[in-house]
Amino acid sequence: MPQTYSHADLNLTPPNPLYFRYQQMLANTQCSSHQHPWGQICWISLGIMEISLEQQELITPANFLVWIPAHTPHAAYVRQALDYTSIYVSGELAQLLPQETCLLAQTPLISALISDFCQRQVSHMQNASDHHQAKLLITRLSQCERAANFLPSSQDRLLLPILNTLQAEPNNDRSLASWAKEVHSTERTLARRFQKELGMSFGQCRNRIRLLQALAWLKEDKSIQDIAWRLGYGSPSAFIAMFKQLIGFSPERYRRQMHGASHP
């Protein structure tokens, strides 16, 4: 990817220690390859964001933040209209965060701290209170759960056929024991491989794949019951429970936000 800086970044006063930039992105917005002189935290109001790095495709839903260290070339794509916030981080505070691009899980406190800045439309920190809030936010982010990607990926010879099938058939409800026979392994060995390679269980992996398909179908205004059935759930309540666990609220609330709500 070409390593270029935007004029907006080059003319910007450095973050003190954070700088917020707000955008409303239209559906199917593509941001070409670029980089920033500071670390960047990406926050979206709903849906999913796709980040292209030099050697990785990163996909994340709205309940995760994306951390991109300074001088890291990246491109971005959003499939649906949403509110987007870039949070630039000073070099001093960026030292508290990972040295590689990753996802950072939002806790209720992290969400509240970011939402407060967004609701007040703060750009540069204005006073001592903003500075304290900024440092608390980065401190909490340095302690939160991290993930290399939301969508599981592995070239492991046992896991690859399973992942390929689940992505092609999100409604596939085959058990891990059944898959073990298919790939000539054991259920225990597969369970260990999922944890070692992906950092999650087989069930968690399947739910994440199903969630990304659910987000696309919610945009098409399919009913909750129809989505649950298409994804292989025995009842809408089971699908809703999975959605709440991964996104933080119900699919119906997600749909209402998608049709006009702004920052939560």
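1. The lining of the largest pocket in this predicted model is made up of ten nonpolar, ten polar and three charged residues. The volume of this pocket is about 580 Å³. It has 23 lining residues, and those closest to its centre are N63, Q106, L246, I247 and G248. If you want to trace the walls by element, strand 3, helix 3 (108–119), helix 8 and helix 10 (236–247) are the ones that give two or more residues to the lining.

2. Next, the second largest pocket, with a volume of about 300 Å³. Among its 16 lining residues, I48, R79, L212, Q213 and A216 lie closest to the centre. Here the lining comprises nine nonpolar, four polar and three charged residues. Helix 8 provides the largest share, six residues, and strand 4 (48–52) also supplies at least two. Helix 8 is worth keeping on screen, as this helix also belongs to the elements that give two or more residues to the lining of the largest pocket.

3. A word on enclosed space. There is one cavity of 30 Å³ or more, and the volume of the largest cavity is about 30 Å³. Around it you will find S45, L46, G47, A62, I247, F249 and Y254. By class, this lining has five nonpolar residues, two polar ones and no charged ones. Two of these names come up elsewhere: I247 is listed with the residues closest to the centre of the largest pocket, and Y254 is one of the residues with the most contacts inside the largest nonpolar core.

4. That core has 58 residues, and the most contacts inside it belong to I51, L190, F194, L211, F239, F243 and Y254. Helix 8 (residues 202–219) gives the most to this core, nine residues in total. A second core, separate from it, has 25 residues, including L65, A94, C118 and L137.

5. I51 is a good residue to click on. Leaving aside residues up to four places away in sequence, I51 is in contact with Q56, E57, L58, V66, I68, H74, A75 and A76. Two of those partners, V66 and I68, sit on strand 6 and point one way from that strand.

6. Strand 6 itself deserves a look. Why can we call this strand largely enclosed by the rest of the structure? Five of its five residues (64–68) are buried, so the description follows directly. F64, V66 and I68 face one way, L65 and W67 face the other, and all are buried. Strand 6 pairs with strand 3 (residues 39–44) in the antiparallel sense over three bridges, with Q40 and I68 as one set of bridge partners. Strand 6 also runs antiparallel to strand 9 (residues 102–105), joined by four bridges; there, L65 is partnered with L104. L65 is also a member of the second core.

7. Finally, F239, which is found in helix 10. Is this residue buried or exposed? F239 has 0% relative accessibility, so it counts as buried. Beyond residues up to four places away in sequence, F239 touches A214, I224, I227, A228, L231, Y233 and P251. The C-alpha atom of F239 is 8.7 Å from that of Q225, a residue 14 places away along the chain. All of this goes well with a look at the largest core, where F239 is among the residues with the most contacts.

Conventions:
Residues numbered from 1 in each chain as written. Predicted model: local features only at pLDDT ≥ 70, side-chain atom pairs only at ≥ 80, totals over all residues. Heavy atoms only, no water. 1 Å grid on protein atoms, 1.4 Å probe; cavity = no way out; pocket = protein on both sides within 12 Å on 5 of 7 lines; lining within 4 Å. Points joined across faces, edges and corners; volume = space filled by probe spheres on them. Nonpolar A, V, L, I, M, F, W, Y, C, P; charged D, E, K, R; others polar. Buried < 20%, exposed > 50% of the residue type's maximum accessible area, 1.4 Å probe, protein only. Pairing = 2+ DSSP bridges. Core = buried A, V, L, I, M, F, W, Y, C linked by side-chain atoms within 4.5 Å. Contact = heavy atoms within 4.5 Å.
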